[in-house]
Amino acid sequence: MSRINKNGYVEDKNGNLEHRIIYKNAHGKIPKGWVVHHIDENKTNNDLQNLVALPERIHNLLHAFQTKHKTRLSRAEISFFMRGKIPKP
Ligand SMILES: [Zn+2]
C-alpha cells in the first residue's frame, strides 16, 4: 500500500519514497547528495519520464530559476541548465 506523506510525496508503508524507488529500479543507485526531481513539479506523478536525478545544490538552483522566471524546464532544458551550473573539472 502507498500513501501521500506530509510533504506531498508518495511513500510505501516503510516510508520509502516511490519516486526514488522507481528511479533506482530503472537507473541504479542514486548518488549520495542527489535528489530525484519531478519535471512537471507534480510530486505524485512518478512516471519514469517525469523523473530526473540532480545534485541537491543544482536542484535548489533549478527551483530558484523556475520560480524567478515563472517557468518549468523540460528534461532537455534541465541538462543544459546543469551543464551551465556545474563547473568543468
Ligand atoms: Zn524538484
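This briefing covers the fold, confidence and selected residues of one chain. The model is predicted. The chain has three helices and four strands. Along the sequence, these elements run β-β-α-β-β-α-α. Mean pLDDT is 94.

**Overall shape and confidence**

- The radius of gyration of the chain is 14 Å, which agrees with the value near 12 Å for a compact globule of 89 residues.
- Along the principal axes, the C-alpha atoms fill a box of roughly 40 × 30 × 20 Å.
- Buried residues make up 9% of the 89 residues of the chain.
- Take the contacts between residues at least 6 apart in sequence: 32% of them join residues at least 24 apart.
- A pLDDT of 70 or more is reached by 96% of the residues.
- Confidence peaks in helix H1 (residues 18–27), at a mean of 98, and is lowest in H3, at 91.
- Where pLDDT is low, predicted coordinates should not be read in detail.

**Strands S3 and S4**

- Strand S3 (residues 34–38) pairs with S4 in the antiparallel sense, and the pairing has five bridges.
- Trp-34 has Pro-55 of S4 as its bridge partner.
- S4 spans residues 51–55 and has two faces, one covered and one uncovered.
- Val-52 and Leu-54 form the covered face of S4.
- Leu-51, Ala-53 and Pro-55 form the uncovered face. Pro-55, the bridge partner of Trp-34, is thus on the uncovered side.
- Glu-41 sits in the loop between S3 and S4.
- Glu-41 has a phi near 65°, a positive value in a residue other than glycine.
- Most residues other than glycine have a negative phi.
- Glu-41 is exposed because 11 other C-beta atoms lie within 10 Å, and the cut-off for exposed is 12 or fewer.

**Strand S2 and Asp-12**

- Asp-12 belongs to strand S2 (residues 10–12).
- Asp-12 counts as exposed because it has 12 other C-beta atoms within 10 Å, and 12 or fewer is the cut-off.
- Ser-2 and Glu-18 are in contact with Asp-12, leaving aside neighbours within four places in sequence.
- Ser-2 and Asp-12 are 10 residues apart along the chain, with their C-alpha atoms separated by 4.4 Å.

**Helix H2 and what follows**

- H2 has 13 residues and spans 18 Å from first C-alpha to last, close to the 18 Å expected.
- H2 is hardly covered, with one buried residue among its 13.
- His-63 lies in H2, which runs over residues 56–68.
- His-63 is exposed because it has 12 C-beta neighbours inside 10 Å.
- His-63 and His-37 are 26 residues apart along the chain, and 9.8 Å separates their C-alpha atoms.
- Lys-70 takes a positive phi of about 45° just after H2.
- Lys-70 is placed in the loop between H2 and helix H3 (75–85).
- Lys-70 also counts as exposed, because it has 6 C-beta neighbours inside 10 Å.

Methods: Residues numbered from 1 in each chain as written. Predicted model: local features only at pLDDT ≥ 70, side-chain atom pairs only at ≥ 80, totals over all residues. Buried ≥ 20, exposed ≤ 12 C-beta atoms within 10 Å, placed from the backbone. Pairing = 2+ DSSP bridges. Rg over C-alpha atoms; globule rule 2.2 N^0.38 Å. Contact = placed C-beta atoms within 7 Å. pLDDT = per-residue confidence, 0-100. Expected span 1.5 Å × (residues − 1).
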